[in-house]
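Please open the model in your viewer, with side chains ready to be shown, and follow the stops below in order.

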Amino acid sequence: MNHTVTARSLRDVQAAYRIYFILGALFICALVVSNLIFQKFFSWDFFGIYTFEISVGILPYPITFLITDLISEIYGKKKANQIVTTGIYASFFSLLIVYVAQAVPATSWSPITNELFTKVFGATAVAVFASMMAYLLAQYVDIHIFHFWKRLTKGKHLWLRNNFSTFLSQFIDTSAVLLLLCSFGKIEWERFGSLLLGGFLFKVLIAALDTPLLYLGVAIFRKRFKLSEGEELQLDV
């Protein structure tokens, strides 16, 4: 049966919070950057098996799911949801900064003109809205399914809950954001199918590849805080 343990010593509490904040910072950075760079698309030939056509914004995005799965496993569902909510505020704040920067007129000698800035960041509002709606749904689904499998397997089979939760949530995320971007006219509808397939397959591939990293992170946490399999570190003391 899964249960939580309390970090009793001050040193343990400080270390646990410090790591939690670092993971949160990495999560927010990856999320915000993915929204800012999404307009560039690239192709990647995967050993001649499949050619991906995906946005560069997808590159840092899987990191967010790896981090929330790690936080879910060690800190519990509540702390994982807190990180997700914080990421939403950070994304909308970054949008406000972009709006202000876009509203300020460029000088005649500015290396970046108003037109170029607008071309690069002009769709950020739509991107953030689309991403946030998809992100909000996908991340909460990921955390919920992760803990569903954790309860069902009694804290065992980390690979199963990591991949099963991420696969479904990534499909929701990819399809939702593409639906919104196509609806707003940012991407042609005829590209929807190929982008959905490419984006989802890429995320599934990354999710499978990051499983060893999750095991490594969980092992380090368990050793540092003396947690047994399935135990969560309770910080609300």
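Select Arg-191 to begin: with a relative accessible area of 44% it counts as partly exposed, a class that lies between buried (under 20%) and exposed (over 50%), judged with a 1.4 Å probe and protein chains only. Add Glu-188, which is likewise partly exposed at 42%, and you will find that it forms a salt bridge with Arg-191, the closest N and O atoms being 3.6 Å apart; the term requires a side-chain nitrogen of Lys or Arg within 4 Å of a carboxyl oxygen of Asp or Glu. This is a predicted model, in which local features need pLDDT of at least 70 and side-chain atom pairs count only at pLDDT 80 or more, while totals for chains, interfaces and linings use all residues. Residues are numbered from 1 along each chain as its sequence is written, and side-chain values use heavy atoms, with hydrogens and water left out.

By this rule the count comes to three salt bridges, so two further pairs deserve a visit. Select Asp-12 and Arg-224, whose closest N and O atoms are 2.9 Å apart; Asp-12 belongs to helix 1 and Arg-224 to helix 8, 212 residues apart, where helices are DSSP runs (H or I, at least four residues) numbered from the N terminus. Asp-12 is partly exposed at 23% relative accessibility, and Arg-224 is partly exposed at 33%. Move next to Arg-222 in helix 8 and Glu-73 in helix 2, a pair that ties together parts 149 residues apart in sequence, with a salt bridge of 2.9 Å from N to O; here both Arg-222 and Glu-73 are buried.

Now turn to the largest nonpolar core, which has 31 residues; such a core is a set of buried Ala, Val, Leu, Ile, Met, Phe, Trp, Tyr and Cys residues joined through side-chain atoms within 4.5 Å. Helix 1 (10-36), helix 2 (61-75), helix 3 (77-103), helix 5 (124-152) and helix 8 (211-225) each give two or more residues to this core, and helix 2 gives the most, with eight. Select Tyr-135, one of the residues with the most contacts inside the core: leaving aside neighbours within four places in sequence, Tyr-135 is in contact (heavy atoms within 4.5 Å) with residues including Phe-27, Tyr-61, Ile-88 and Asp-173. Apart from this core lies another, of 11 residues, among them Phe-38, Ile-187, Phe-192 and Leu-195.

Finish at Leu-96, which is found in helix 3 and is partly exposed at 48%.
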